[in-house]
Amino acid sequence: MYAKELILLTGTTETRKTLVRQLQEVIGDFVRIHDYSLEEGIPQVFSNQLIILSSSAIVDETVPYIGDGSKVVVAKRTVNFEHIDKLLFLAENTNVLYVNDAPETVYESIETLLQLGINHIHYHPFYPGKKNYAEVSIAITPGEINLVPPFIQDVVNIGPRLIDITTVMTILQHLNLLEKKGDIVSDKYIRKIIDLSQKLSKTSKESDRLNKHLKQVLDGVNDGILAVNSKGVITVFNENLQHLLGMFSTKTIGRKLQDVFRNPELVAFILHDSSEESGWFSVLHTDVIVHRFYLETEGAIVATFKNAHETIEMEKTIRRELIKKGYIAKYGFEDIRGVSPSIQKCKQIASKIAKTNLTVLIEGESGTGKELYASAIHNESLRRDGPFLAVNFSALPDELVESELFGYEEGAFTGAKKGGKIGLFEQANGGTLFLDEIGDISLKLQARLLRVLQEKEIMRVGGNKIIPIDVRVIAATNKNLLRMIEQGTYRADLYHRLKILFIHLPELRNRKMDIPHLVKHFLEQGGRSHIQILPEVMHHLIQYNWYGNVRELKNTIDYMLAVCDGTIITVDDMPDESFFQRISREESPYSSSSSRSITFAEKDIEDLPSDTDEYLFILQTIYAHNQQGESIGRKKIADKTRDWQKDLTEQQMRTRLKTLEQREWIMTARGRSGIKLTNLGLAYLNKHQTY
């Protein structure tokens, strides 16, 4: 648990992300940071808290959110050193606009850059409302891209300004940590400055070295590479492309693309905007696959050429190797069975999510098919031809998880294999890594995983080399991560990094109309479609609440197939009560914490003393929104009662929700999750209506 905490309030989302990342790096080990922005909305009033404002520009706007007893620190900001090297690549005496949101921030930033020695370019200040400014083609901005004038052709974004060291020390002083942690924080800042100095000193040498070796690199890659500038003139034509097409660079570089290639379809594909990024063409009797992409900052287009037939054979070979190693996703969306609206909507959302490269968090009880969905998402994605690897955190001890994920170097620990081992992140490069039971990892591993997701790079256990990775992460859990965050056992920043995209898988008890379809599928899957299930057996299967979800239903079908005589399954073939899983309210993601294991049959669910219809309507409304994965709060429920001709006020709704919460039929989660129906609340609904 963190002993200290603070609230960070910013104006924009980008500033919030940058500043919370900075504070996490320097004080995140011993201070919990809650971060919000005006752009995204601030959810509450903060009382008796240390509140850090990103700048004086948001003081007035944040006043309504600062309650009694709170201390406020307005941060002093400085240039973001992490991206300052971008300015070194600008030519000597280049005229640029420096764009920010206010005059004081513009002039402060320019002065800081000049003091740092970034004086080879000429800065012209620009901010909203400024009338006289230079009309140049390049702008520099600390994240305020929306303020850049439309006539600017190239934008150099050096990222939002950082909080300076004096503000950080002030924060430590307010938290009574200055004496204990001040030296640690100072050392981290000094390390940053040293790293920056080394980075800047190397930049000039690196630039010269890169220019000398650039041609060697381009000529050494397996693909043919072509680049054209904004005027359609060829600027790059590497050796591989010469061999592939039988042309010479001396006869192509400096010429118009259409003067070199007589194929008008290829020229149009490369030069003009196209929804397709890849195409198949025939050039000088050679079939090629051409992939194009646009470099906005350079105004150039790059195209790679591959021999089409060699590429197809290579992809077949890679696919055979993946299958041989078992690094494939076995399921697609067609393997997810069900006709209920909830499962259909879930599949639609997952199919759309699959088209992106963003991280996904899949939430659902055990047995709802989280790995099935992860596999289907991979197979529907642009990474479908890459590897698909899975790791279950609940099945591995902490130290083994670390070496499995990140790999290790030889001699990293006792028992380490000779030559070391490649971790799952490296093995999944170019594909998808499925992290199952993500709620079961330790805080130490959470910190390492967060860094991987942020930086897209890893370091093996016992190693000192940074390894870049290109992996899409799909995580899954049956835990209530928000409650774990409240208890201090899960990092909020990791939770939000994982939950960029989100799917909640519906429980089988909430989509009982799918049970007959699933039963039929399991019979067909086992080659037993000729087996008949009597109606009374199906009735019992539909009535049961399936706390083990689809997995438990399949086990039950397998059991009945094993014990039945002949080709008819009767009630006598059903397993007894001890076979079925009892609900554990402690494990249920949306229930109140409790150590008891109960079934609804074991607990008498008393009716409410009055206004039963009102409470039923409230529970039904919450249930409907939960099923659709939509957030719902007190005001929205009160508004819904108008359609029901009750028109309850927000105060009346608050009273009724409090009654339901006391009975543990609902729970209110922090943030945007809203109100959730617990299993006891669902039991009350089950008692009064059929699902």
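**Exercise 1. Which residues of helix H22 are exposed, which are buried, and how do the buried ones lie around the helix axis?**

Solution. Begin with the exposed side of H22 in this predicted model, where Lys-658 and Gln-662 are exposed. On the other side, the buried residues of the helix are Met-653, Arg-656, Leu-657 and Leu-660. Looking down the axis of H22, one finds these buried residues within an arc of 100 degrees, so they line one face of the helix. The final step is to ask what lies over them: the covering elements include helix H20 (612–627) and helix H21 (634–643), together with strand E29 (666–668) and strand E30 (675–677).

**Exercise 2. What span should helix H22 have at 1.5 Å a residue, and how far apart are its end C-alpha atoms?**

Solution. Helix H22 covers residues 650–662, which makes 13 residues. The expected span is 1.5 Å times one less than the number of residues, and for H22 this comes to 18 Å. The end C-alpha atoms are 18 Å apart, which agrees with the expectation. Beyond the helix, H22 is followed by Glu-664, whose phi is positive, near 65 degrees.

**Exercise 3. How are H20 and H22 oriented to each other, and which residues meet where they pack?**

Solution. The axes of H20 and H22 are 11 Å apart, and the two helices pack at an angle of about 80 degrees. Angles of 65 to 115 degrees count as roughly perpendicular, and therefore H20 and H22 are assigned to that class. From H20, the residues in contact are Glu-614, Tyr-615, Ile-618, Leu-619 and Ile-622, and they meet Met-653, Arg-656, Leu-657, Thr-659 and Leu-660 of H22. Sorted by class, this contact has 7 nonpolar, 1 polar and 2 charged residues.

**Exercise 4. Asn-48 and Trp-546 each have a positive phi in a residue other than glycine; where does each lie, and is each buried or exposed?**

Solution. Take Asn-48 to start with: its phi is near 55 degrees, and the residue is found in the loop between strand E2 (31–37) and strand E3 (50–53). With a relative accessible area of 61%, Asn-48 is exposed, because the cut-off for that class is over 50%. Turning to Trp-546, phi is near 50 degrees, and this residue lies in the loop between helix H18 (535–543) and helix H19 (549–563). Its relative accessibility is 0%, so Trp-546 counts as buried, the cut-off being under 20%.

How values were computed: Residues are numbered from 1 along each chain as its sequence is written. This is a predicted model: local features need pLDDT of at least 70, side-chain atom pairs count only at pLDDT 80 or more; totals for chains, interfaces and linings use all residues. Side-chain values use heavy atoms; hydrogens and water are left out. Helices (H or I, at least four residues) and strands (E, at least two) are DSSP runs, numbered from the N terminus. Buried means under 20% relative accessible area, exposed over 50%, partly exposed in between (1.4 Å probe, protein chains only). The arc is that of the directions from the helix axis to the C-beta atoms. Contact means heavy atoms within 4.5 Å. Axes are lines fitted to C-alpha atoms, for helices over the stretch in contact, and angles run from 0 to 180 degrees between N-to-C directions. Angles under 35 degrees count as roughly parallel, over 145 as roughly antiparallel, 65 to 115 as roughly perpendicular and the rest as oblique. Ala, Val, Leu, Ile, Met, Phe, Trp, Tyr, Cys and Pro count as nonpolar, Asp, Glu, Lys and Arg as charged, and the others, Gly among them, as polar.
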